[in-house]
Structures are given as structure tokens and as C-alpha cells.
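Here are my notes on the model you asked me to look through. Please read them with the structure open beside you.

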Amino acid sequence: MIKIIDWYIIKKYLGTFSFTLAIFTVIIVIFDVSEKLDDFLRHQAPVSEIIFSYYAGFIPFYLNFLSPLINFIAVIFFTAKMADQTEIVPILSSGVSFKRFLRPYVISSTVIFLVTLIFNLFIIPETNQLKIDFENTYINPKSDNSKMFTHMQIDKDSYVYIENFDNNQRVGYKFILEKFSGDNLKEKLIADKITWDSLKSKWKIDNYSIRKIDGLKESMTSGITKDTTLDMRPKDFEIYDNIYQAMNMNELNDRIEKEETRGTGVMVDLQLEKYKRFVYPLSAYILTLMGVSLSSRKVRGGIGLPLGIGIFLSFAYIIFIQFANMFALKGGLPPLIAVFIPNIIFGILGVYLLIKAPK
């Protein structure tokens, strides 16, 4: 049963969190405009695109990224203020256990967890697509958008090689398709050019020759052009580093399933992106626990000391996440372990602080 004191703390928690979100939104937009203004002007980005594409994607992305920091600061700020105004001592002195005192915090952090999870799974990928398309067009456009020397396994028995794929024109040059039966080569297609036909959703192959092998028998055919269906799309050759952030869960799972067969070397990136969307919202519970434990004691100097410690720990949490990601990408650490390590370590720290908190 939620009582008046619970509603009081919940309103304080969510109100402070929302207010802090608004402040951070203004700050990051001002800093970003000052940094990106030259790029906007140099590439003649339309104002409507800047507002409704770039910042419509930029704001949700960075607020989601900084939400652990914002959440931690909000909890420490209003809890330390309650402690400084001697509001917590009467609550605990009236016979309310510290565990019971934590109930409204758990309810509030659950609301933040669910909202963050929904955003991670359904909204952020869509807004990221707006942001990424804008960045790749007006901020970091690539003069040469070609991918060189691509080897890819597209199914159990078929292998593809493309010497040069132009992502702008959706054309690949020096195309080879090999089909095997076990270890035996059964068919080899060589073509000068392969082009994606978006209307037919098929590939058009130009100036091709097909060599078929059946035991000791071989046959050779050639032609000018033909359409074919292959389990690959132009987006498989995109070379931007941030494309996985714009994939929805269906696209991400489908890409992971295909990557298990193709082995193009991006499996860790895909798995990291998938696991982060589910695991990182758990920070709402961990940082709330740490924040309450740190700031529920009244200290000399007011709220400055706990707020400073909170900011330091929240930045440490974000930096720890980045280090764990780098160990996964460069050091061979399994992606699932990499996304859980920060939460495990800071969760243990939160439990320790809870034990030491005044009861």
C-alpha cells in the first residue's frame, strides 16, 4: 500500500529527475550547436533538417546515454536535501525501517527502468536513424563510400567475393559467387558488375560467366545480363560505424543470425548493441540504491559533499561502461559479460553502501 510519505518521495524523485533532464537537454544542445555550427554552414544543412532530423535524434540518444548520470544526480540531490532539512530522521525514528523507506525509491526507479527499456527497444533506434542519416550527409559525409575486398558466406554452401562495392550507386565490381557441396566446388559465377535493383528487389549481374562442375564433367555458359536473388542487401556493405544503433530489434536479430553464417567480423558489435539495450536500464536500480545510501545521512556543509561524490561515481560508471565495451571489441571479452560487469561491480558497491548507511 502506497502511503502519503511514499507519494511525497515519488513526486520528489520523478520531479527532480524530469527537471534535471530538462536542464541537461538545454546544456547539451547549446554545446552541440556551438560545436557543429561550422559543419551545418559548410554543408548547407537546412534548418528544418537540423531541427526535425538531427536534434530529434540527438536529444533522445544523449539523454538515454546520460540517464544513469542524471538519475544518480537527481536521487542524491533531493535525498541529501531531505536529510539536510531533517526530514529523514523523523521517518526512521517513527519506526519505519530503512528497507521500508526504500520502497518509493524502488517504485520510482522501476518507472524509469520501464521507460528506458521501452525507449531502448522501440524508440531510440528510430530516432537514431534520423540522427545518423543527417550526420552521414551533413557532418561526416564520406567522399569515397566504397567497401573493398569483401568476402561473405551468404548461406551454408554459397560464398561471395566483391572486389569493390560502391554504396552510393549500389554497384559492386569484380563479383564472384561460389557454390559448394561439402568440400567440392559445384558452380562458380564470375561477373564484371553486380547492381541492386530496388524495384525488383533483386541483383542484376552484367557480363557474367558460369562454370559448372559435375565430377569430371565441366560446362561453361556466359551472358550479358541476368537477374538473380541472393541473401544479401546493399546495407550489408555499409561502412559507417554507427549503423547498428539505428537497427530495430528485428533487424538486429536478423543481422546476428546472418552474421553467424557470414562471419564478416561484426558479431561483437551486433551483440554489444543488443545486450546494452536490455542490460543498461538496470542502472536505474543500482544507482538509486547507491544514491540513497550516500545521501540519506545529514552531513556538515549541506548537500555539496554527497552531490560531488555522486557526480564522481556516476561519471566513473559511464567511463567503466566504455572501458568494458572496448575490452569486448578489442580484447576478446564476451559481449554479455562486458555489459554486465559495470552493473555487477557498482551493484556490489551499492550493497556495501547500503549496509553502511545510517538506519
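The points below take up a helix, the strands, a loop residue and the salt bridges in turn.

1. On the basis of the notes: this is a predicted model, in which local features need pLDDT of at least 70 and side-chain atom pairs count only at pLDDT 80 or more, while totals for chains, interfaces and linings use all residues. Residues are numbered from 1 along each chain as its sequence is written, and side-chain values use heavy atoms, with hydrogens and water left out.

2. On the length of helix α2: helices (H or I, at least four residues) and strands (E, at least two) are DSSP runs numbered from the N terminus. Helix α2 covers residues 47-84, and its end C-alpha atoms are only 47 Å apart, whereas a straight helix of 38 residues would span 56 Å at 1.5 Å a residue; the expected span is 1.5 Å times one less than the number of residues.

3. On the kink: where does α2 bend? A kink of about 55 degrees lies at L66, shortly before the proline P68, the bend at a residue being the angle between axes fitted to the seven residues ending there and the seven starting there. Just after α2, T86 takes a positive phi of about 55 degrees.

4. On the surroundings of P68: this proline, which lies in helix α2, is buried, with a relative accessible area of 7% (buried means under 20% relative accessible area, exposed over 50%, and partly exposed in between, with a 1.4 Å probe and protein chains only). Leaving aside residues up to four places away in sequence, P68 touches S283, L287 and Y317, where contact means heavy atoms within 4.5 Å. The C-alpha atoms of P68 and F315 are separated by 9.0 Å, although the two residues are 247 apart along the chain.

5. On strands β2, β3 and β4: β2 (residues 158-166) and β3 (residues 171-181) pair in the antiparallel sense over eight bridges, two strands being paired if DSSP finds at least two bridges between them. D166 stands opposite V171 in β3, and in the turn of this hairpin, which has four residues between its strands, R170 has a positive phi of about 60 degrees. Strand β3 also pairs with β4 (residues 184-197), in the antiparallel sense and over ten bridges, with K179 opposite E187 in β4. Two residues lie between the strands of the β3 and β4 hairpin, where G182 takes a positive phi near 70 degrees.

6. On strands β5 and β6: these two pair in the antiparallel sense over eleven bridges, and I205 stands opposite K226 in β6. Their hairpin has two residues between the strands, and G215 there takes a positive phi near 65 degrees.

7. On S296: is this residue of the loop between α8 (283-295) and α9 (304-331) buried or exposed? S296 is buried, with a relative accessible area of 7%, and its side chain reaches the backbone oxygen of V292 at 3.0 Å. Not counting residues up to four places away in sequence, S296 touches T79, A83, I88, F98, A357 and P358.

8. On salt bridges between separate elements: the structure holds twelve salt bridges, a salt bridge being a side-chain nitrogen of Lys or Arg within 4 Å of a carboxyl oxygen of Asp or Glu. In one of them the side chains of K200 and D227 meet at 3.1 Å, N to O. K200 lies in the loop between β4 and β5 (202-214) and D227 in strand β6 (residues 217-228), so the pair ties together parts that are 27 residues apart in sequence. K200 is partly exposed at 49% relative accessibility, as is D227 at 37%. E218 forms a salt bridge with R211, with 3.1 Å between the closest N and O atoms; E218 is exposed, with a relative accessible area of 52%, and R211 is partly exposed, at 30%.

9. On a salt bridge within a helix: R277 forms a salt bridge with E273, the closest N and O atoms being 3.0 Å apart. Both residues lie in helix α7 (residues 267-279), four residues apart, or about one turn of the helix. R277 counts as buried at 4% relative accessibility, and E273 counts as buried at 11%. Elsewhere, salt bridges that share partners join D231, D254 and K258 into one network.

Notes: Polar contact = N/O pair within 3.5 Å; in protein donor to acceptor, adjacent residues only side chain to side chain.
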